[in-house]
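The following exercises are to be worked with the sequence and the model in view. Each task is followed by a solution in steps.

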Amino acid sequence: MNRRRWIIGLLWLLISVAPAVAAEPAAREVWVTATVSDPDPYAGQQITYRFALYQSVRVTDATLQPPAFDGFIAKEIADRASRRETIDGREYVVTEIYYVLVPLAPGAHTIGAATLQLGIVRPDRQRRRTPFDDFFDDPFILRGRVEPRVLKSQPLAVTVRPLPPWDGPFPFSGLIGEFDMTAAIDNTRLKVGDSTTLTLSIQGRGNIADAAPPPIAMPETIKTYADAPDEQIELTADGYQGKKSFRTALVPVQAGDVPLPGAQMVYFDVVQETYRTLTVPLPALSVAPGEAAPAFPPAAGPAAAQPEKSAVTFTGRDILPPKEGLTALTPHRPLTWPMLLLGLLLPAAGFGATVLIQRARRMDRHPVARMRNRTRQAMKTARVQIAADASAFLTALYQALTSAIFARIGRSGEALAWKEAETLLCGHGVDPELSRQAAELLTQIESSKFSGARISREERERLLVGTRQMIRRLIP
């Protein structure tokens, strides 16, 4: 009896514990997150959007579809960071992508979800290992099957605050961030007519590219000549930062000691959340008299002597006399009506052709026209690669179908998951059955692409014909 109870208890323990242990590692193999550096910034303040991929397994063919960033100016940082991090005793490779965002207007904004499509490389457990496996164990050589995955980050809510009103004595520069200002003059001891250079430099983090030289009311005895600004600005994970210098040539036109007014600049400090006024004093100029201009020798002879005026006299006839008599007249034919109409219609025809060309160019820049053109190019590539490269053929089919879907809904895009494609098509009034068929075809293409198995020529022909027919139904 005790032995029977012991066996039943052991079976109950295995049933209750085994599923949790098996499910947890699979759930934590790969996931994505999205965050912003400041969820309640001021209008015009730059913030950082961070997208991170955590992976403890090998992945391939990762394609990111970032959010639309509606209401923001977005700029991706070219350098992508990659590091290793241990979470709950498991080591992950963390790949981070950053965008610098600048909110355009106050109010509540939502940054949509980012979509990442990738394939998880699963080892082939059925294949027997050989002594050459360790030698050829290259991470760039895929071994085993590829399991497609679509990961989405969570949407983010951002509340943009308006800047407080400013009523100070100096004008607001429009700069928002953290800044400092310096000034330097090359030479303060000059002569009249000499020049020296005043250099005003603004450095810091924020919208430094929008910086303008602070206005300085120079004395009337100083002439100023501004030079082009010098920028040393870089885009980092903390946003735009750097230095912008403004050089102005100062030329005194009168001798004496010339005091110069200081330079003031008002900016909004996002750390202290208040306006700050930067003041930089300028040294006085000591201007000495310039060299005297050389004197010209007096003219010889009496000072009042003037050249004598001579009377106008007739010297002779013109070399080319005017034509005289009826023989000088040249007959001209009158303009006929056809020639007159042709002369009137040619400018109108040229203007009409110009308008049609400009309209055609504008249509080519429309998202629908752009996606249609991408669909045609991708189908041409698929026909070329059908017998040459299976991977390139499937990639071209995928691009052609997704571009056709984007053209049908009037949007631009790069990648789509099958469920997202069906939802978008139904949301734009497409027949649900057609939407489902398009999503199923997209799934077939993705499965053939990520499975790693070889597909026959007949299967490629079938996919090509099916994709062509579906594109005609989506964008007739």
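Helices (H or I, at least four residues) and strands (E, at least two) are DSSP runs, numbered from the N terminus. The model is predicted: local features need pLDDT of at least 70 and side-chain atom pairs count only at pLDDT 80 or more, while totals for chains, interfaces and linings use all residues. Residues are numbered from 1 along each chain as its sequence is written, and side-chain values use heavy atoms, with hydrogens and water left out.

**Exercise 1. Determine which helix holds E461 and how E461 and R473 are placed.**

Step 1. E461 belongs to helix α7, and R473 is also located in helix α7.

Step 2. Buried means under 20% relative accessible area, exposed over 50%, and partly exposed in between (1.4 Å probe, protein chains only). E461 has a relative accessible area of 33% and is therefore partly exposed. At 45%, R473 is likewise partly exposed.

Step 3. E461 and A387 are 74 residues apart along the chain, and their C-alpha atoms are separated by 9.7 Å. For R473 and A438, 35 residues apart along the chain, the C-alpha separation is 9.7 Å.

Step 4. Contact means heavy atoms within 4.5 Å. Not counting residues up to four places away in sequence, R473 touches R408, L434 and Q437.

**Exercise 2. Describe how helices α4 and α5 are arranged.**

Step 1. Axes are lines fitted to C-alpha atoms, for helices over the stretch in contact, and angles run from 0 to 180 degrees between N-to-C directions. The axes of α4 (residues 390–409) and α5 (residues 418–427) come within 9 Å and cross at roughly 25 degrees.

Step 2. Angles under 35 degrees count as roughly parallel, over 145 as roughly antiparallel, 65 to 115 as roughly perpendicular and the rest as oblique. The helices α4 and α5 are therefore roughly parallel to each other.

Step 3. On the α4 side, I405, R408 and I409 take part; they meet A421, L424 and L425 of α5.

Step 4. Ala, Val, Leu, Ile, Met, Phe, Trp, Tyr, Cys and Pro count as nonpolar, Asp, Glu, Lys and Arg as charged, and the others, Gly among them, as polar. The contact of α4 with α5 thus has 5 nonpolar, no polar and 1 charged residues.

**Exercise 3. Which residues touch the most other members of the largest nonpolar core?**

Step 1. A nonpolar core is a set of buried Ala, Val, Leu, Ile, Met, Phe, Trp, Tyr and Cys residues joined through side-chain atoms within 4.5 Å.

Step 2. The largest such core has 35 residues, of which L397, L401 and L474 touch the most other members.

Step 3. Two or more residues come from each of α3 (367–385), α4, α5, α6 (432–450) and α7 (457–474). The most come from α4, which gives 12 residues.

Step 4. Leaving aside neighbours within four places in sequence, L397 is in contact with M379, A382, I445, L463, L464 and T467.

**Exercise 4. Is D88 buried or exposed?**

Step 1. D88 lies in the loop between β5 (81–87) and β6 (90–103).

Step 2. The relative accessibility of D88 is 74%, so D88 counts as exposed.

Step 3. Although D88 is not a glycine, its phi is positive, at about 55 degrees.
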